[in-house]
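Here are a few exercises to work through with the model open beside you. Try each task before reading its solution.

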Amino acid sequence: MAASTGQAGADAQAAVAVEVNLGDRLFRWGTAAFAAGGVITLGAMAVEMVRASALSLSHFGPGFVTSTDWDPVRELYGALPYIYGTLVSSLLALLIAVPVSLGVAILLSELAPPWLLRPVSFLVELLAAVPSVIFGLWGVFVLTPWLRESVQPPLQSALGFLPFFKGTPRGFGLMAGGLILAIMILPTISSVSREVMRAVPSTLREGALALGATRWEMVRTAVLPYARSGIVGAIILGLGRALGETMAVTMVIGNRAEISASLFAPSYTMASVIANEFTEATGDLHLSALSEVALLLFLVTVALNIVARLLVWRVSRVSR
Amino acid sequence: MSAPSEPYLRRRIVDVAARGLCVLMTVLAILPLLSLLGYVLKQGLGALSWSFFTELPRPVGEVGGGMANALAGSAILVGLACAIGMPVGILAGVYLAEFGKNRFGNAVRFCADVLSGVPSIAVGVFVYTLVVLTMRRFSALAGGVALGILMLPTVTRTTEELVRLVPDTLREAALALGVPKWRAILRVVLRTALPGIATGMMLAVARAAGETAPLLFTAFNNRFWSASLDKPMASLPVQIFTYAVSPYDDWHRQAWAAALVLVAAVLVLNVAARLVVYGRTAR
C-alpha cells in the first residue's frame, strides 16, 4: 500500500493506544475480579449455610428457636438455651464494656495530653490483638478463681435476695462469660467511638469552649450529640463481636444448656455449642442443627454489621 | 448547657469528676491486659523448656514432651492463609483505591466490612461444608482457606487505604513518561505503598496466627508430625485450647508455655508494625 508516512505513523500510534488501553482494561477487570472475591465469599457463605441446615430447617421449622430440648440421642434439637446464653452474656458484656470504652474514647479523643495518647492507644489496641484462646486460658486459671473467691461471695451476701445472684458461686458461668466478653469487645467499641468523635468538627468544640463551657460540658453538649449515631454504631459492632465470639466464652461459661436467671449459673452459647459438638456430631440431623445455629449467628451478625456500618459511615462521611 | 446562675464551683467539680471517671475507666480497661500479660509471662517462663520446641506431645500421663508439630503446623497454616488471602486482598484493595469510586466499589467495601464482622466460627462452618465435606476429611488446606478468608477484609481495606495515600503527582509523573496506567500502578504506586502494606500484612498475620475457632473443624488437630496439606494438622491455638480444658496439670503448664510463645509472636508483629508506621510518620 502506498500510504503516506504520516498516515502510517498515526496507525502505529493508534495501535499502541489500543494496546495500552487493552492492558489497562485487562488490569482493571482483573483487579475487579479479585475485588468481587469478598462479595462472592459472603454470598457463598449464606448459600452454603442454608444448604447445610436445610435438613434441620425442614425438620423443626420455627420451633427450632423456641424449643429447649437438645438431645442427640432422641434426635431432638432446640436452640433456645444457646440463644439465651448468647444474648445474656453479650448484653452483660455491653453493660460493662460500654461505659468503660466510652470513658477510654473520650479520654483519648478529648482529654488526654499528647504524650499519653500513644501508650494508651497502643495498650488498648494490644487488647484487641491478644488471641481469643489466650483470654480463655487466662479466664480459666485467673478470672474464674478470682470471681469464685473474691467477687461472687460478697455479691451474694450483699445482694443475694436478687435472682441474679442465687446459687453456688462456681466462677464458671454467665458472669465469667459476660466479663471476658466485655474485655474483648472493649477495644472495638472504644476505637470506633474515638474515630467517630474525631470526626466531630472542631468548630463545635471551640464554640462550646468560647461560650464558657468546661471541658466536660463541651464533650456533653458538643461532641456526644454530634457523634451519637456513630457511637450507637460502635456499640452495635461490639455486640456483633460478642455474639460471635467463641473460644474464650466456651472456656469459661460452663457449657451447660440450661436457662437460669442467675449470673452464677453455668450456661452455653451458640458459638460454644458449635465449637464443642461440630466435630463429634452424631448424625446428619445433628450436624444440620449445628449448621442452623451457625446460620442464625451469621444472619444476626451480618444484619447488626450492616446497621452499624451505615451508622458509622453516616457520621464520618459528613465531616469528610 | 448549664444555666448561667449555676455556681461555677459546682460546674468545676462536675468537670473534674467526669475527667477522673474517664481516667478510671481507662485504668479499668488496661488492668485485665496487664494481668493477662503478667500471668502469661510468669506461668509461661516457668513452663517453657527446650523440649517444648523440639519434641512431639506425649500421651496422657507421661510428663514432658513439646509442641514442635503445632509450631510448624501454625506456620504452615498461616503461610497457606497468606498465599490465599493476600493476593486476592491486595489486588482487591488496588481496585478499590484506583477504580473503586463507583457502586461496585462501594458494594465491595461494604461486603469487606461486613465480612470482617462475621464470627470466625461461622467461617469455620462454611469452610467445613465447602472443603472438608468435599475432600471427605479434615485437612490443613481447609484450615488455610478458613484463615485466608478471615484475613481478606483486613488486607483489602489496609491496601486500599495505603494505595490511596500515594500522592497523585507520582502517578502523573509515571503517566507523563508514557508508562501505561497499569504498569504505573504496579511499578510506581504499589511500590511506594509497599512498606505500609507490609505493616497491614503483619497485623493480619498476627490475627490469623491466634485464630482458633475456625481451625477446630477444618485443620482439626494432629498428635504427630505432618506436613501434608490434605491431612489434619496441629496448630498452636488449638493445642492451647485442648490442653487448657484438660484436667492434667502438666498439660496446663504446656498450655501456658504455648500461650507465651503465641503472645510473644503477636506482640512482636504488632510492635514491629507500629515501629514501621512510626518511622514513616516521623520522617
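**Exercise 1. Confidence**

What is the mean pLDDT of chain B, and what percentage of its residues reach 70 or more? Then do likewise for chain A, and find where confidence in chain A is lowest and highest.

*Solution.* Start with the ground rules: this is a predicted model, where local features need pLDDT of at least 70 and side-chain atom pairs count only at pLDDT 80 or more, while totals for chains, interfaces and linings use all residues. Residues are numbered from 1 along each chain as its sequence is written, and chains are lettered from A and ligands numbered from 1 in the order in which they are written.

- Step 1: chain B has a mean pLDDT (the predictor's confidence in each residue, from 0 to 100) of 90, with 96% of its residues at 70 or more.
- Step 2: chain A has a mean of 90, and 92% of its residues get to 70 or more.
- Step 3: within chain A, helix α1 (residues 5-52) is lowest at a mean of 81, and helix α3 (residues 80-111) is highest at 96.
- Step 4: for the complex, the predictor gives an ipTM of 0.91 and a pTM of 0.90.

**Exercise 2. The layout of chain A**

Describe the secondary structure, spread and domains of chain A.

*Solution.*

- Step 1: count 11 helices and 2 strands in chain A; these are DSSP runs numbered from the N terminus, helices being H or I with at least four residues and strands E with at least two.
- Step 2: along the sequence, the order is α-α-β-β-α-α-α-α-α-α-α-α-α.
- Step 3: the radius of gyration of chain A, taken over C-alpha atoms, is 27 Å, well over the 20 Å that the globule rule (2.2 Å times the number of residues to the power 0.38) gives for 320 residues, so chain A is more spread out than a compact globule.
- Step 4: along the principal axes, its C-alpha atoms fill a box of roughly 105 × 65 × 35 Å.
- Step 5: an automatic or database domain assignment splits chain A into domain 1 (8-52) and domain 2 (57-318). Their C-alpha centres are 39 Å apart.
- Step 6: 4 residues of domain 1 are in contact (C-beta atoms, placed from the backbone, within 7 Å) with 5 residues of domain 2.

**Exercise 3. Chain B against chain A**

How many residues of chain B are in contact with chain A, and which helix of chain B gives the most?

*Solution.*

- Step 1: 73 residues of chain B contact 72 residues of chain A.
- Step 2: α1(B) gives the most to the chain B side, with 20 residues.
- Step 3: by class, that side has 56 nonpolar, 10 polar and 7 charged residues. Here Ala, Val, Leu, Ile, Met, Phe, Trp, Tyr, Cys and Pro count as nonpolar, Asp, Glu, Lys and Arg as charged, and the others, Gly among them, as polar.

**Exercise 4. Inside and outside**

Is S202(A) buried or exposed, and what does V293(A) contact?

*Solution.*

- Step 1: S202(A) is in helix α7 (residues 202-210) of chain A. It has 9 C-beta neighbours inside 10 Å, so S202(A) counts as exposed. The cut-offs, with C-beta atoms placed from the backbone, are 12 or fewer other C-beta atoms within 10 Å for exposed, 20 or more for buried, and partly exposed in between.
- Step 2: buried residues make up 49% of the 320 residues in chain A.
- Step 3: the largest nonpolar core (buried Ala, Val, Leu, Ile, Met, Phe, Trp, Tyr and Cys residues joined through C-beta atoms within 7 Å) has 198 residues, and V293(A) is one of those with the most contacts inside it.
- Step 4: leaving aside neighbours within four places in sequence, V293(A) contacts A79(A), Y82(A), M270(A), V273(A) and I274(A).

Note on methods: Contact = placed C-beta atoms within 7 Å.
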